[in-house]
Amino acid sequence: MRLMNVSGRLHVSTPTGAVDVAKASDGRFAPDPQAVFESWDAFQGWYVAHRDALAALPAVRVDPAELGSPVPNPRQVFAVGLNYSEHAAESGFSRPERPLIFTKFASSITGPVTTVLLPAGSVDWEVELVVVIGRGGRDIPVEQAWRHVAGVTVGQDLSERQQQHSGPAPQFSLAKSHRGFSPIGPELVTVDELGNPDDLEIGATINGEVVQQGRTSQLIFPVPTLVSTLSETVELLPGDVVFTGTPAGVGAGRTPPRFLEPGDVLRSYIAGIGELEQTFVKTPVAVGQGA
């Protein structure tokens with residue numbers, strides 16, 4: 001199953017396009033894409049029972065620019081640092097012994113095709129597999145963790161490095177939560193659609209140049225471990241989002257460092273899921289502030 005947020009309404013992908021879920025279900029499921037996670041088991045059962053009928057319904061072709069995040073308003077957004085060995089090394093750190101968790105704020109979430117205003121500082125890229133929780137809970141065993149996942153999608157953990165490392169303590173969460181710094185999409189894909197959800201090709205390009213390329217099988221802490229570890233401390237809630245970490249190739253790890261500039265086009269992909277596209281522009285200078 002593949003779910004999309006088309007102009008703020010939940011749609012399911014079919015071979016001919018996208019079908020509006022609220023209309024197809026005669027109102028059983030709300031049009032709000034975020035609301036579906038509160039009744040995830042019921043929705044999955046409905047989809048399986050009506051899969052063939054949905055494929056026969058009139059569908060619309062969707063312009064990726066019309067898509068919003070398939071999880072637009074999660075209550076909790078978790079992110080994992082240094083979760084690929086080569087990325088930890090390029091960042092000057094040793095391999096962590098336990099997952100390093102921080103948060104991104106939900107107001108930074110956008111859809112898959114966006115224009116991003118570059119704030120002052122040094123803005124870096126981090127393509128990531130994003131996990132969305134379908135069944136919440138506490139103390140989830142590792143061997144049951146995938147059953148709590150609604151699906152996976154593509155995310156970018158855009159990061160302003162100067163703010164991130166400023167002050168006596170790091171400012172990870174703020175530096176990674178500027179407007180537009182958490183694009184997610186284009187679809188939420190359930191794991192049964194993927195041959196091996198633990199081994200997916202992941203990468204990013206800037207203006208066509210490959211800057212990141214890896215596989216999610218290289219995660220130090222794979223998805224089941226992350227879900228289980230988080231649930232040891234917090235209650236995971238339906239619709240929560242987990243950014244699982246980025247492979248090597250970020251700008252801060254290069255010699256010399258490289259950061260995003262106005263006019264750059266960043267494409268981020270995961271094979272079998274889809275692609276994000278962010279175009280970066282300079283933030284306009286307010287009148288009276290000078291050039």
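In the predicted model, proline 256 is located in the loop that runs between β16 (241-243) and β17 (265-270). The peptide bond joining threonine 255 to proline 256 is cis, with omega at about -5 degrees. A cis peptide bond also joins glycine 185 and proline 186, where omega is about -5 degrees. Proline 186 belongs to a strand, β13 (residues 182-189).

Positive phi values were examined next. Aspartate 26, a residue other than glycine, has a positive phi, near 55 degrees. Aspartate 26 is placed in the loop between α1 (21-24) and α2 (40-56), and its relative accessible area of 73% makes it exposed. For asparagine 207, also not a glycine, phi is positive and near 55 degrees. The loop between β14 (201-206) and β15 (209-215) holds asparagine 207. With a relative accessible area of 48%, asparagine 207 is classed as partly exposed, because exposed residues are those over 50%.

The largest nonpolar core of the model comprises 41 residues, of which Val227, Leu260 and Ile273 touch the most other members. At least two residues of this core come from each of the strands β5 (77-81), β8 (113-118), β10 (127-133), β11 (149-156), β14, β17 and β18 (274-282), and from the helix α6 (223-233). A second core, separate from the largest one, has 26 residues, among them Leu10, Val19, Tyr47 and Leu54. In soluble globular proteins, nonpolar side chains tend to be buried together.

Valine 227 was considered in further detail. When its neighbours within four places in sequence are left aside, valine 227 is in contact with Ile133, Ile140, Ala145, Val149 and Leu236. Valine 227 is also one of the buried residues of α6.

Helix α6 is largely enclosed by the rest of the structure, because eight of its eleven residues are buried. The buried residues are Val223, Pro224, Leu226, Val227, Ser228, Thr229, Leu230 and Ser231. The list thus includes Ser228, Thr229 and Ser231 as well as Val223, Leu226 and Leu230. The elements against which the buried residues of α6 pack are β5, β6 (100-103), β10, β11 and β16. Of these elements, β5, β10 and β11 each also supply at least two residues of the largest nonpolar core.

Conventions:
Residues numbered from 1 in each chain as written. Predicted model: local features only at pLDDT ≥ 70, side-chain atom pairs only at ≥ 80, totals over all residues. Heavy atoms only, no water. Helix = DSSP H or I, 4+ residues; strand = E, 2+ residues; numbered from the N terminus. Buried < 20%, exposed > 50% of the residue type's maximum accessible area, 1.4 Å probe, protein only. Core = buried A, V, L, I, M, F, W, Y, C linked by side-chain atoms within 4.5 Å. Contact = heavy atoms within 4.5 Å.
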